[in-house]
Amino acid sequence: MKIVKFWWLQSQAFYKKMHQDALELANVTMTQELHSWADIGCGTGLMSEFATQKGYLIRSFDIDRWMIRFAKIIHHHSLSNFQTTDVMQIEERFDIVSATSLLSVVDDKKAVLQKLNSLLKEKSSKLIIIEPTELLTKKNVIAFMKKTGKFYHYKHLYLWAKAREGKAVDISLFDTVAPFTHYTLFDGMVRVSVH
Ligand SMILES: C[S@@+](CC[C@H](N)C(=O)[O-])C[C@H]1O[C@@H](n2cnc3c(N)ncnc32)[C@H](O)[C@@H]1O
């Protein structure tokens, strides 16, 4: 059931656009140089689509083997490489490391953020973290829907808020690990943190 929920969320237009906008903010451009990208806590694999479109060699990791099985089925036509692994067990290094909505579900957020940072190859690599903020509440989504007039388009943002309200990762956590630049989307309801 959890798998279907993530797949359903990842197939929503607002969720796809959120990822595309995040990559633009992080200044991720096309590459033809066999650069590597790891998406951690990949769920059903949405970020892998964007990484392959940009020419990266993508590895997608998730601790949930059923999630990975499902991701392999729906992305069977692509060059994505999915693997069941706990983030803490990954040993390789990558040019880009991304994680969407992973920190909000793990217990030791600092240890996981440190681990994500340690997966970067060199100083020129990028770590991209996309997380809901404390502003992602049902009330704020309704105000956002009224402001944009797009009730249908953002109804899934409302359901995401319902699932995530009260579970946001505090921004102060990031400074304890590395110097991040923070951007926001949807009137501050989602944060894109880039290091
Ligand atoms: C909220 S979901 C987000 C999935 C996907 N990134 C997205 O945005 O739709 C969090 C994912 O992180 C995975 N996860 C949780 N703890 C993990 C860990 N220690 N190592 C790797 N993946 C983990 C879960 O199985 C789940 O698929």
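**Two positive-phi residues, a parallel strand core and a ligand shell**

Phe186 lies in the loop that runs between β6 (181–185) and β7 (190–194). In this predicted model, Phe186 has a positive phi of about 50 degrees, although Phe186 is not a glycine. Most residues other than glycine have a negative phi. Phe186 counts as buried because 22 C-beta neighbours lie inside 10 Å, where 20 or more are needed.

Leu34 also has a positive phi, of about 55 degrees, and is likewise not a glycine. Leu34 is found in the loop between α2 (13–25) and β1. The surroundings of Leu34 hold 9 C-beta neighbours inside 10 Å, so Leu34 counts as exposed; the cut-off for that class is 12 or fewer.

With these two loop residues placed, the overall build of the chain can be described. The secondary structure comes to eight helices and seven strands. For 195 residues, a compact globule would have a radius of gyration near 16 Å, and the chain agrees, because its own value is 16 Å. Along the principal axes, the C-alpha atoms fill a box of roughly 45 × 40 × 30 Å. Buried residues account for 38% of the 195 residues. Of the contacts between residues at least 6 apart in sequence, 66% join residues at least 24 apart.

Strands β1, β2 and β3 deserve a closer look. Strand β2 spans residues 57–62, and five of its six residues are buried, so β2 is largely enclosed by the rest of the structure. Strand β1 and strand β2 pair in the parallel sense over five bridges. Between them the chain passes through helix α3 (residues 46–53), and this β-α-β crossover from β1 to β2 is right-handed. One of the bridges between these strands joins Ala38 to Arg59 of β2.

Strand β2 also pairs with strand β3 (residues 81–84), again in the parallel sense, here over four bridges. Phe61 stands opposite Gln83 of β3, and Asp62 has Thr84 of β3 as its bridge partner. Helix α4 (residues 65–74) completes a right-handed β-α-β unit together with β2 and β3.

Ser36 offers a view of this region from β1, the strand that covers residues 36–40. Beyond its neighbours within four places in sequence, Ser36 is in contact with Tyr56, Leu57, Phe94 and Asp95. Ser36 has 18 C-beta neighbours inside 10 Å and therefore counts as partly exposed. His76 is 40 residues away from Ser36 along the chain, and the C-alpha atoms of the two are separated by 19 Å.

The ligand is the remaining topic. It is surrounded by 20 residues, of which Gly41, Gly43, Asp64, Val87 and Thr100 are the closest. By class, the shell around the ligand has 12 nonpolar, five polar and three charged residues. Helix α1 (2–10) and strand β2 each supply at least two residues of this shell. The largest share, three residues, comes from α1. Strand β2 thus appears in two settings: β2 contributes to the shell around the ligand, and β2 pairs with β1 as well as with β3.

Conventions
Residues numbered from 1 in each chain as written. Predicted model: local features only at pLDDT ≥ 70, side-chain atom pairs only at ≥ 80, totals over all residues. Pairing = 2+ DSSP bridges. Right-handed = clockwise from strand over helix to strand, strands pointing away. Near = placed C-beta within 6 Å. Nonpolar A, V, L, I, M, F, W, Y, C, P; charged D, E, K, R; others polar. Rg over C-alpha atoms; globule rule 2.2 N^0.38 Å. Contact = placed C-beta atoms within 7 Å.
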